[in-house]
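Here are a few exercises to work through with the model open beside you. Try each task before reading its solution.

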Amino acid sequence: MSTTKYDHLPEQEKHAALAREEAAIKAEALRYHDKHRMTPAKVAKLTARHVVLALLAAFWLIPILWLVVTSFGVDKGPNLSTFFPKAYTLDHYKALLSPDSVNQFPQWMLNTFIVACFTCVISTLFVLMVAYAMSCMRFKARMNIAIILNLFPGFLSMIAVYFIMKQFGLTGTLTGLIIVYSAGSGMGYLIAKGFFDTVSKSLRESAYLEGANEFTVFWKIILPLSKPIIVYTVINSFLAPWMDFVFADLMMTSGTAANKTVALGLFTMVNKVNRNNYFAQFCAGGVIVSIPISILFVIMQKFYVEGITGGSVKG
């Protein structure tokens, strides 16, 4: 025989209590049903919402689809008469991997990969160290300095950075580009700081009592607990030089064709002189460039999301 929480009551009171509880459950169920009932107004609102989302998705996907199908088309230049090409071929991908006077795609990819890897390592260290200092250390004007520095966008310093690098003979070189990408990366510390704020302060205090210094706390306690934000920072640091055009164009104006990054190199394929012969190769290059980024996101997606959500907590 089943027992209830009303077994200690007299039989009459017990039945009354069970009846009241059952009535309350039914009333709650009716309120839930009324709240979630699909009225014509709710159906119209939901339909309109999905239509808007479908249109936005179409606007976003159609250019990507066109780029992909054009890369497999037989036309060398842009074909604006039809969306889908009349025939398909892999010739543009083969030509893209065969360098000529205009196309240096393999070298561009290698240059970009080198810049992205070095920038990723240096920028990640800078961001994490600045975030640790802002989150775990206390000094005068700590937050005021950070706010003031973040008031000035990096683009305001472009011309000054260019002339400074030119004085040192670093324009048109991959080394100069790595320095430009890495030097100011520490200012992107806010998300990492938010994540470090969630790490228990007692862990650091225990380490201090055991004689650990700041570097030991940072390297052996904070970082092992911060894998999501490290992955998030690594991905962002890697994508910045991989996707950037503006700073690369500024710094590499005096470089040779083989010394360009993939963004600059692909852009030369669509200028007025080369557009009719290299546009399909440009599309093929865009498809190839997107592959490593997509793979990186698929592999690191879990940690990337954890890094964003963990770093969004207000410290």
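Helices (H or I, at least four residues) and strands (E, at least two) are DSSP runs, numbered from the N terminus. Residues are numbered from 1 along each chain as its sequence is written. The model is predicted, with local features needing pLDDT of at least 70, side-chain atom pairs counting only at pLDDT 80 or more, and totals for chains, interfaces and linings using all residues, while side-chain values use heavy atoms and leave out hydrogens and water.

**Exercise 1.** Find the helix that holds Thr 112, decide whether Thr 112 is buried or exposed, and list what Thr 112 touches beyond four places in sequence.

Solution. Start with the element: Thr 112 sits in helix α4, residues 105-136. Next, take its relative accessible area, which is 1%. Buried means under 20%, exposed over 50% and partly exposed in between, with a 1.4 Å probe and protein chains only, so Thr 112 is buried. Finally, look for contacts (heavy atoms within 4.5 Å): leaving out residues up to four places away, Thr 112 touches Pro 241, Trp 242, Thr 261 and Val 262.

**Exercise 2.** Work out which elements give two or more residues to the lining of the second largest pocket.

Solution. First, the term: on a 1 Å grid over the protein atoms alone, a pocket is an open set of points where a 1.4 Å probe fits, with protein on both sides within 12 Å along at least five of seven lines, and lining residues have an atom within 4 Å of a point. Now list the lining, which includes Leu 67, Trp 242, Met 243, Val 262, Phe 282 and Ile 293. Sorting by element gives α11 (227-243), α13 (262-268) and α14 (275-311). The most comes from α14, with 6 residues.

**Exercise 3.** Is Ile 159 buried or exposed, and how far apart in space are Ile 159 and Leu 250, C-alpha to C-alpha?

Solution. Locate Ile 159 in helix α6, residues 158-167. Its relative accessibility is 52%, so Ile 159 counts as exposed. Then compare sequence with space: Ile 159 and Leu 250 are 91 residues apart along the chain, and their C-alpha atoms are 8.6 Å apart.

**Exercise 4.** Describe the chain as a whole: how many helices and strands does it have, and what share of its residues is buried?

Solution. Count the elements to reach 14 helices and 0 strands. Of the 315 residues, 35% are buried. To finish, take the contacts between residues at least 6 apart in sequence: 70% of these join residues at least 24 apart.
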